Amino acid sequence: MEAKYKIIFYKSSSGREIIIDFVDSFSNKIVYKIKSDIRLLEEYGLSLLATSKVKKIIGTVNLYELRVKSSIQIRLFFTYIS
């Protein structure tokens, strides 16, 4: 199944993928959960606002958080560009 939305991860000026490095720093079980939730975001986009997975950051124009819940809670911030 092809994703409906494209996720582009931040890269530093040196080309380092900070978010990927952050995700990969966790145990395999947590990495799997994070990547699974990112795939859900790729498939369903902002329709996940109706769930507890995505929340709009109040007071911002276009900033959201992906809430990853496992043995620890992880928040990945993102913006949406149409």
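Confidence first: this is a predicted model, and the protein chain averages a pLDDT of 93, with 99% of its residues reaching 70 or more. Broken down by element, helix α1 (residues 18–24) has the lowest mean at 94, while strand β1 (residues 54–56) has the highest at 97.

**Overall layout**

The chain holds 2 helices and 3 strands, and reading from the N terminus they come in the order α-α-β-β-β. How does the radius of gyration sit with a compact globule? A globule of 82 residues would come out near 12 Å, and the chain has 13 Å, so the two agree. The C-alpha trace spans about 30 × 30 × 30 Å along its principal axes.

Buried residues account for 26% of the 82 in the chain. If you take the contacts between residues at least 6 apart in sequence, 39% of them join residues at least 24 apart. The accessible surface is about 6000 Å², and carbon and sulfur atoms own 57% of that.

**Aromatic pairs**

Searching the whole structure turns up 3 aromatic pairs. Two of them go like this:

| Pair | Centre distance | Plane angle | Geometry |
|---|---|---|---|
| F22 and F26 | 5.1 Å | 90° | edge-to-face |
| Y64 and F78 | 5.5 Å | 20° | stacked |

The stacked label for Y64 and F78 follows because their planes, at 20°, fall under the 30 degrees cut-off. Y64 belongs to strand β2 and F78 to strand β3, so this pair ties together parts that are 14 residues apart in sequence.

Are the rings buried or exposed? Y64 has 7% relative accessibility and so counts as buried. F78 is also buried, at 17%; the cut-off is under 20%. F22, on the other hand, is partly exposed at 37%, and F26 is partly exposed too, with a relative accessible area of 22%.

Y64 has another partner to look at: the charged end of K56 sits over its ring, 5.8 Å from the centre.

**A look at S70**

Where is S70 found? This serine is in the loop between β2 (63–69) and β3 (73–79). Its relative accessibility is 32%, so S70 counts as partly exposed. Leaving out residues up to four places away in sequence, S70 touches I30 and K33. As for S13, that residue is 57 residues away from S70 along the chain, and their C-alpha atoms are separated by 32 Å.

Note on methods: Residues numbered from 1 in each chain as written. Predicted model: local features only at pLDDT ≥ 70, side-chain atom pairs only at ≥ 80, totals over all residues. Heavy atoms only, no water. pLDDT = per-residue confidence, 0-100. Helix = DSSP H or I, 4+ residues; strand = E, 2+ residues; numbered from the N terminus. Buried < 20%, exposed > 50% of the residue type's maximum accessible area, 1.4 Å probe, protein only. Contact = heavy atoms within 4.5 Å. Phe/Tyr/Trp six-rings, centres within 6.5 Å; stacked < 30°, edge-to-face > 60°. Lys NZ or Arg CZ within 6 Å of the ring centre and 35° of its normal. Rg over C-alpha atoms; globule rule 2.2 N^0.38 Å. Areas by Shrake-Rupley, 256 points an atom, 1.4 Å probe, with all protein chains shown as cover.
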